[in-house]
Amino acid sequence: MGLFDRLRGDDNPRVAFIGVDGVPYSLLSEHEDRFPNFAAIAEEGTASEISSIVPPESSACWPSLTTGVNPGETGVYGFQDREVGTYDTYVPMGREVQADRVWDRVQDEGLKATVMNVPVTFPPQRNVQRMVSGFLSPDLEKAAYPDDVRDYLEGLDYRIDVNPKLGHEEDKAAFIEDAHETVDARFEAFKHYIEEDDWDLFFGVFMTTDRVNHFLFKDYERDGQYREEFFEFYEKVDDYIGRLREALPEDVTLIVASDHGFTSLDYEVHFNEWLREEGWLSFGTDEPEELGDISDETRAYSFIPGRFYLNLEGREPRGSVPEDEYDDVRDELKADLEALEGPDGKKVVDRVVEKEAAFRGDHDDIAPDLVAIPNNGFDLKSGFKADSEIFTTGPRNGMHSFDDTSLYIDDPDASIGDADLFDIAPTILELLEVEYSRSELDGASLI
């Protein structure tokens with residue numbers, strides 16, 4: 001029995017959320033013999049595949065998962081966003097998330113939250129009892145609050161993230177070793193604060209799963225060189241989930257979820273080069289490096305993953321598409337995207353989502369006009385370097401997917417059904433008996 005158990009004398013409900021970034025439900029559900037702890041949650045509670053969001057990119061997904069609202073409300077659409085009325089771009093950080101996080105609502109009710117390694121939370125908030133920012137944090141020293149958290153984590157050799165450059169090597173041994181060391185320290189930190197902190201909501205994320213998937217997923221799906229090493233890593237993750245579950249007091253509900261699914265990658269598709277070759281985009285310089293280098297003859301440009309913007313008059317500084325032609329031009333671009341085939345003759349795009357179908361809120365002024373959801377095997381890239389190839393291959397062999405997202409709830413009364421990422425935040429609030437207005441959120445409680 002830890003200090004956490006001894007401190008508690010009330011009957012208030014509590015929730016522990018453990019994120020497993022990018023883990024597909026099919027991986028876990030189709031290999032229950034290798035992942036018995038996930039299987040036990042599914043058998044004793046509830047588990048299912050859910051949908052991610054548009055676009056299924058971690059920088060957009062985690063703000064939506066932790067707020068229960070779409071990017072039009074969070075203000076974060078991906079790893080790179082653009083400033084309103086300019087061609088300037090920026091990398092969204094925690095302060096760019098404009099909607100209330102689930103732990104903000106918890107703290108506002110006088111409850112306590114411990115938040116660890118959630119992507120897009122840098123710099124760490126001071127209104128929670130503990131926070132260690134995750135992906136996009138520059139280093140542990142600046143990511144941990146309060147200072148004693150940093151001191152403890154340094155003793156564990158805790159890392160914000162695995163070193164992805166190691167995954168670019170043909171020999172993946174060093175990358176795999178680094179992934180194990182990273183997830184080992186993350187588990188030790190989670191277990192320590194789960195047992196020792198007095199919290200109502202514990203919210204922690206394993207992101208190393210996403211990294212392993214990017215470099216080893218095709219080995220798993222297509223019986224490659226590192227298939228067994230892939231399984232061994234996930235068996236460790238499964239063991240850690242089981243040990244964290246055992247460490248929880250009986251009155252805590254455990255939720256385990258991913259932010260998107262994963263599938264094998266065959267081709268990277270460089271859409272700004274495709275737009276250039278198809279006459280949609282032109283550069284005003286021979287060596288373009290950024291969005292600001294496009295010319296006033298450009299009709300459309302792209303950001304990852306599969307976000308397309310028309311160069312609209314009155315919105316973009318050098319807009320070339322008249323407002324009264326917006327619908328026609330967008331329809332034309334949508335049709336071109338839907339018709340695009342890869343080198344293998346397969347359609348690149350599964351469907352194209354229009355802006356108004358995916359985004360609603362006070363921050364939809366920087367929303368993409370179209371978002372392409374790819375077919376499996378085509379990873380949608382952008383970049384502003386001219387004269388590159390449209391279809392390339394690289395060191396990554398796994399890519400995000402919209403479907404096959406995982407959700408496990410250690411509660412047999414939960415009903416997942418046709419759930420999506422937006423339903424997780426209201427489910428946590430419902431379990432904690434924190435009041436919220438249903439109209440505020442895009443999701444609904446699954447309890």
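Asp404 is buried in this predicted model, with a relative accessible area of 13%. That puts Asp404 under the 20% cut-off, which is why it counts as buried. You'll find Asp404 in the loop between β17 (398-401) and β18 (405-409). Its backbone is worth a look too: phi is near 70 degrees, a positive value in a residue other than glycine.

Val120 makes a good companion to Asp404. Val120 has a positive phi of about 60 degrees, and it isn't a glycine either. For context, most residues other than glycine have a negative phi, and most peptide bonds are trans. Val120 is buried, at a relative accessible area of 1%, and belongs to the loop between β5 and β6.

Stay in that loop for a moment, as Pro123 is also placed between β5 (113-118) and β6 (130-133). The peptide bond leading from Phe122 into Pro123 is cis, with omega near 0 degrees. Another cis bond joins Val54 to Pro55, this one with omega near -5 degrees. Pro55 sits in the loop between β2 (46-50) and α4 (58-67).

Now for the inside of the protein. In soluble globular proteins, nonpolar side chains tend to be buried together. Here the largest nonpolar core has 53 residues, and the members that touch the most others are Ile18, Val132, Leu153, Phe202, Phe206, Ile241 and Val256. Pick Ile18 and look at what surrounds it: setting aside neighbours within four places in sequence, its contacts include Phe202, Phe206, Ile241 and Val256. Ile18 also contacts Phe190, Gly204, Leu244, Leu254, Ile255 and Ala257. There's a second, separate core as well, made of 40 residues, among them Trp103, Met131, Ala419 and Val434.

Phe206 leads us on to Thr209. The backbone oxygen of Phe206 lies 3.3 Å from a polar atom of the Thr209 side chain. Thr209 is part of helix α10 (residues 208-221), and it's buried, with a relative accessible area of 0%. Not counting residues up to four places away in sequence, Thr209 touches Val20, Asp21, Val23, Phe233, Tyr234 and Val237.

Ile241, another of those well-connected core residues, takes us to a meeting of two helices. Helix α3 (residues 36-44) and helix α11 (residues 227-247) have axes that come within 7 Å and cross at roughly 50 degrees. The two helices are therefore oblique to each other. On the α3 side, the contact is made by Pro36, Asn37, Phe38, Ala40, Ile41 and Glu44. From α11 come Asp238, Asp239, Ile241, Gly242 and Arg245. It's a mixed group: five nonpolar, two polar and four charged residues.

Finally, have a look at Ser302 in strand β11 (residues 300-303). Ser302 is buried, with a relative accessible area of 0%. So what does its side chain reach at 3.1 Å? The partner is the backbone oxygen of Arg307. Arg307 also appears among the residues that Ser302 touches, once residues up to four places away in sequence are left out. The others in that set are Phe271, Asn272, Leu275, Phe308, Lys381, Ser382 and Phe384.

Methods
Residues numbered from 1 in each chain as written. Predicted model: local features only at pLDDT ≥ 70, side-chain atom pairs only at ≥ 80, totals over all residues. Heavy atoms only, no water. Core = buried A, V, L, I, M, F, W, Y, C linked by side-chain atoms within 4.5 Å. Buried < 20%, exposed > 50% of the residue type's maximum accessible area, 1.4 Å probe, protein only. Contact = heavy atoms within 4.5 Å. Helix = DSSP H or I, 4+ residues; strand = E, 2+ residues; numbered from the N terminus. Polar contact = N/O pair within 3.5 Å; in protein donor to acceptor, adjacent residues only side chain to side chain. Axes fitted to C-alpha atoms, helices over the stretch in contact; angles between N-to-C directions. Parallel < 35°, antiparallel > 145°, perpendicular 65-115°, else oblique. Nonpolar A, V, L, I, M, F, W, Y, C, P; charged D, E, K, R; others polar.
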